[in-house]
Amino acid sequence: MALDYTELSEQAIDDGIDDAIALHDNSLLAQYINETERRKASFSAKQARMAYFYEKQVVRENEDRGVHIYQSERGAAAAIAINRRQSTNGACSYLRACRILLEDTPNLFDCFAHGHLTERQIKAITEPLEEVDANGRREFDAIFADHTDMFENLGVRAISDLVRKFTERFQSSEKAVKIEDEAAKRYVRFRKSKDCVMLSAKLPLAEGIALAKSIKKRAKAIFRMGNDPRTKQQLQADMLICSQLEGFPPKVPLFLDVKLIMTDKTLFAGSHEPANLPGYGIIPAQYARELVAGAKVDLEDPFHLTLKDDELNRRIFTFPEIQRIYTAPGNQDLIAMDSKAREFPESLKEFIRIRDSHCMTPYCDGVPEEIDHVVQRHLNGPTSVHNSSYRCRFCNLAKELPGWYEKVDYSIPHSIVINTGDGRTYRSLAPPATGIVREADPQANEQPRK
């Protein structure tokens, strides 16, 4: 039974919750939980609006007194943080988000006010938008107005990645330069701690991803054999130590296995559409082109390559195995693969890992670790890219509970409909591989033949 909460008073909802508890009606309780979250979000939007006008009034009063505007903003932020019963740490960021919502993104704020987005989701959207100017934010808001479901069922990490795909378009070249500058600041630090040594490091992006992937892959292979008592974390630490203590040569080869998701326009035509580097996330188009080329790319003359002369490149050899993964024509989704095997073959697993960059359970931000069938194999679910999902371990176990049911919706690419056993259904949808919204191409999304 679906309830209409719009006319219900707080007392009526309280009474309804008590009735649902007394009747052991989980379906009704789930509806009340969902409605409570919606109302929380709506009140958070009201709070953001009040905070915005509170800050404007404080700044106006302090300007009349001749107080520096930066100090004025800090004073307003501290006062609002106290009234929100939160630490002042991050209070200025909260007010910047309020300004973005009220001044530049009215459609986003309207969705927030109606409770369709939570405060955490709003923060994941506004933080990347701080990196573009007001015109860029208004452009994003116009896109959102036409695609209000673009954040539906996404966790905050997936939302942040989606917005960064948009903001990277405005700063591809600048970001590529920043990545190079940060690589020049690389370091490794050791410090003594109680009964151990702590290590921290700052590594160039591509080499850091390569090192992390290499260590994790080797440690995971040993762990799966089941005859080693060490945990995955212990194995990874030992792999790092052994690379220096077991006779490795001075020049350590890092076999860089890079899977870049990009459009052909990004690679060949100088487009600013950002690429996706699995294991890291969104990277600027310019940096992606340089990764593929293995050299500096001149935007004015993209076929002229300037080889890098850097101490790191003289010490560490990288062997790029670049697999450019393209999308279906006119679509933002990866082209599918399938298999008749009971177990997912390794090539198909790699495709699924790239497609599902986040756990496929709605709103989950857990690190995906396990690839499994959506409709279980014992229920005749096929081993295919459509009937697959990449989940964190917690969610992969949860889907096996009695009453939990999932099915594939072939009308939308890489879409799953989930029933958690309480009568409510949720949709899980992999974010578009390129771009920030889908422009549907029916021919690219046809249901596969049996």
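Begin with the whole chain, in which there are 16 helices and 13 strands, where helices are DSSP runs of H or I of at least four residues and strands are DSSP runs of E of at least two, numbered from the N terminus. The model is a predicted one, in which local features need pLDDT of at least 70 and side-chain atom pairs count only at pLDDT 80 or more, while totals for chains, interfaces and linings use all residues. Residues are numbered from 1 along each chain as its sequence is written, and side-chain values use heavy atoms, with hydrogens and water left out.

Colour the chain by accessibility before going further: of its 450 residues, 42% are buried, where buried means under 20% relative accessible area, exposed means over 50% and partly exposed lies in between, with a 1.4 Å probe and protein chains only. If contacts (heavy atoms within 4.5 Å) are then drawn between residues at least 6 apart in sequence, 60% of them join residues at least 24 apart.

**Helix α3 and the loop after it**

Select residues 69-83, which form helix α3 and include Gly 75. Gly 75 is partly exposed, at 39% relative accessibility, and its C-alpha is 9.6 Å from that of Asn 62, a residue 13 places away in sequence. Moving on to the loop between α3 and α4, select Arg 85, which has a positive phi of about 60° although it is not a glycine. Arg 85 counts as exposed because its relative accessibility is 79%.

**Helix α6 and its neighbours**

Select residues 119-129, helix α6, and show the side chains of its buried residues, among them Gln 121, Ile 122, Ala 124, Ile 125 and Pro 128. The buried residues of α6 pack against α4 (91-104), α5 (106-113), α7 (134-146) and α8 (156-167), so these four helices may usefully be displayed together with α6. For a single residue on the α8 side, pick Ser 160, which lies in that helix and, with residues up to four places away in sequence not counted, touches Ala 124 and Pro 128. Ser 160 has a relative accessible area of 15% and is therefore buried.

**The hairpin of β1 and β2**

Next select strand β1 (residues 187-193) and strand β2 (residues 196-202), which pair in the antiparallel sense over 7 bridges; two strands count as paired if DSSP finds at least two bridges between them. Within this pair, Val 188 stands opposite Ala 201 in β2. The hairpin has 2 residues between its strands, and Asp 195 there takes a positive phi near 65°.

**Helices α10 and α11**

Continue to helix α10, residues 205-225, whose 21 residues reach 31 Å from the first C-alpha to the last, close to the 30 Å expected at 1.5 Å a residue, the expected span being 1.5 Å times one less than the number of residues. Its buried residues include Leu 205, Ile 209, Ile 215 and Ala 219. Just after α10, Gly 226 takes a positive phi of about 80°. From Ala 219, draw a C-alpha to C-alpha distance to Gln 234, which is 15 residues away in sequence and 8.7 Å away in space. Gln 234 lies in helix α11 (residues 232-245) and is partly exposed, with a relative accessible area of 42%.

**The loop after α15, and strands β9 and β10**

Select Tyr 363 in the loop between α15 (346-355) and β9 (370-373), a residue other than glycine with a positive phi near 70°. The relative accessible area of Tyr 363 is 47%, which means that this residue is partly exposed. Strands β9 and β10 run antiparallel and are joined by 4 bridges, and the bridge partner of Glu 370 is Arg 391 in β10. In strand β10 (residues 388-391), Ser 388 and Tyr 390 point one way while Ser 389 and Arg 391 point the other way, and all are buried.

**The cavity**

Finally, select Leu 154, Cys 359, Met 360, Thr 361 and Leu 429, which lie nearest the centre of the largest cavity among the 17 residues that line it. A cavity here is a set of points, on a 1 Å grid over the protein atoms alone, where a 1.4 Å probe fits but cannot get out, and lining residues have an atom within 4 Å of a point. A search of the whole structure finds 1 cavity of 30 Å³ or more, and the volume of the largest cavity is about 110 Å³, where grid points are joined across faces, edges and corners and the volume is the space filled by probe spheres set on the points.

Terms used:
On a 1 Å grid over the protein atoms alone, a cavity is a set of points where a 1.4 Å probe fits but cannot get out, and a pocket is an open set with protein on both sides within 12 Å along at least five of seven lines; lining residues have an atom within 4 Å of a point.
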